[in-house]
Amino acid sequence: MTFFAPATSGLRGTLAAPPDKSISHRAALLAAMTSEPVQVTGYLNAEDTHSTLRAVQALAAIVEIRDDDILFRGPGLRAAAQPTGPIDVGNAGTLLRLLPGWLAGQAGGVWILDGDESIRRRPVDRIAEPLAQMGARLDAREGRFTPLTIAGSRLTGTSYELPVASAQIKSCILFAGLLASGATRIREPGPSRDHTERMLVQAGARVERDGDVLTVHPQDELEVDRIDVPGDPSSVAFHAAAAMLVPGSRLVLDGVAVNWTRVGFFRIAQRMGAVVVGPLEEPQDGIPAGEPVAELDIADSALGGTVVEAHEVPLAIDELPLVALLGCFAEGETLVRGAGELRLKETDRIAMVVDGLRGLGASIEATEDGFAVTGIGGLRGGVMAAHGDHRLAMLGAVAGLASREGVEVVGMEAAAVSYPGFTADLERLLSPA
Ligand code: S3P
């Protein structure tokens, strides 16, 4: 149990954003799909992304961890090895959903993916369905859970309309499309994070966007020498939220990926009245090559409630628990709608956020696809359980700093899934040298 006492002074100083989790997973996978060496700088050193390193090693990538970077020597696009046992994805939903896209098109191999208790509750039918439509042979427990068996086969390009805006499903199909015969088209109901597309373009793949339709073409090989992983906007969102709530705060976030598909939380917070200064990328047509990186300045200020609509949800999906927290401190009501996907994350994040914050004194109701918060000018504090979910652990910590009595977080160690240095960074910003 870790106690987060009410902050007696603001958060001050500069935080170098820890490397982005989504981009790190993709960098390791893409490097493994490349047969020439690939240098990856800024790879995230956390539990989830270690799972991806172990996975690509099991598939015959050589991973050399050096002082300033990681050098990958991958087996290449069509030569993943077949390990003797299952591949353990740990807690990493992104690895679970992306890796099958690469493996499904490699005829002759059979792979089994499995993970921790939380992973075993997370659906894979969302990727199994489009892959099966391309000719993949997959077998999941009860048709939708791990262990997931993938028997590589010849794939054919298809047209698939995503039932939900999900970067994980989209990325899985994009990877499969590289190995399929003919073009693969994906229609998205709305934008979701686009790191896979950007990175594939960087690696010479033919990926095009026309409105809400993405097309990927088969590829003989990928070519990229180096991938730089920028800082994670989802990780620094926690310190940013703390700075928005704790009086006297002035925080500089350095090296943040400000890709427009990732900074929805900062836009929502701005709308609520938070001070966020920095160049958030504007929505782009087509597929930009590379990731924009910038510095963001955050300061505390009075907040008002807001309505987060369905189209904004994928652009702030992992930060929506923080919107609920800001809502407790804001004047009026804060509503999040169209966020049913939150129920399928590491935990049911609608139920867990509502339970957790209510236990600290919040006035918050769950809806089928989101939550409604009534601002009550603050939070009392109390005990909050992380239930093994890294983002709930960090939410509890930030709630504690901003509360009147502090918060005991049960299971704070879960933060190591995405951000092992979370508590140390917070402590440093609360007592700058
Ligand atoms: C991720 C996509 C999101 C997000 C997850 C990471 C990714 O999931 O919640 O934490 O790296 O592609 P969905 O795309 O399934 O919504």
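## A walk through the predicted chain

In this predicted model, the protein chain is built from 12 helices and 23 strands. Its radius of gyration is 21 Å, close to the 22 Å that the globule rule gives for 433 residues, so the chain is as compact as a globular protein of that length. Taken along the principal axes, the box filled by the C-alpha atoms is roughly 60 × 45 × 40 Å, and buried residues account for 60% of the 433 residues.

Helix α9 is a good place to look at burial within a single element. This helix spans residues 320-329, and because 10 of its 10 residues are buried, α9 is largely enclosed by the rest of the structure. The buried residues run from Leu320, Pro321, Leu322, Val323 and Ala324 through Leu325, Leu326, Gly327, Cys328 and Phe329. The cut-off behind this reasoning is a relative accessible area under 20%.

From the enclosed helix, the path may turn to the strands β22 and β23. Strand β22 covers residues 382-385 and strand β23 covers residues 407-410, and the two pair in the parallel sense over 4 bridges. Within this pairing, Ala385 stands opposite Val410 in β23. Helix α11, residues 390-402, joins the two strands in a β-α-β unit that is right-handed. In the loop between β22 and α11 sits His387, a residue that has a positive phi of about 50 degrees although it is not a glycine. His387 counts as partly exposed because its relative accessibility is 48%, a value that falls between the 20% and 50% limits.

A second backbone feature of this kind is found at Glu142, in the loop between β8, residues 137-141, and β9. The phi of Glu142 is near 55 degrees, which is a positive value in a residue other than glycine. With a relative accessibility of 65%, Glu142 counts as exposed, since the limit for that class is over 50%. The strand that follows this loop, β9, spans residues 145-151 and contains Pro147. A cis peptide bond, with omega at about 0 degrees, joins Thr146 and Pro147.

The remaining part of the tour concerns open space. In general, rolling a probe the size of a water molecule over the atoms shows where empty space is left. The largest pocket has a volume of about 470 Å³ and a lining of 33 residues, of which Gln168, Arg193, Ile317, Asp318 and Lys345 lie nearest the centre of the pocket. Several helices take part in this lining, with α1 (21-32), α3 (93-103), α5 (167-179) and α11 each supplying at least two residues. Helix α11 is therefore both a contributor to the lining of the largest pocket and the helix of the right-handed β-α-β unit with β22 and β23. Sorted by class, the lining of the largest pocket holds 9 nonpolar, 10 polar and 14 charged residues.

The second largest pocket encloses about 170 Å³ of space. Its lining consists of Pro191, Trp260, Gly264, Arg267, Ile268, Arg271, Pro283, His311, Glu312 and Leu315. By class, the lining of the second largest pocket comprises 5 nonpolar, 2 polar and 3 charged residues, with Gly counted among the polar ones.

Terms used: Residues are numbered from 1 along each chain as its sequence is written. This is a predicted model: local features need pLDDT of at least 70, side-chain atom pairs count only at pLDDT 80 or more; totals for chains, interfaces and linings use all residues. Side-chain values use heavy atoms; hydrogens and water are left out. Two strands pair if DSSP finds at least two bridges between them. A crossover is right-handed if, with the strands pointing away from the viewer, the path from the first strand over the helix to the second runs clockwise. On a 1 Å grid over the protein atoms alone, a cavity is a set of points where a 1.4 Å probe fits but cannot get out, and a pocket is an open set with protein on both sides within 12 Å along at least five of seven lines; lining residues have an atom within 4 Å of a point. Grid points are joined across faces, edges and corners, and a volume is the space filled by probe spheres set on the points. The radius of gyration is taken over C-alpha atoms; the globule rule is 2.2 Å times the number of residues to the power 0.38. Buried means under 20% relative accessible area, exposed over 50%, partly exposed in between (1.4 Å probe, protein chains only).
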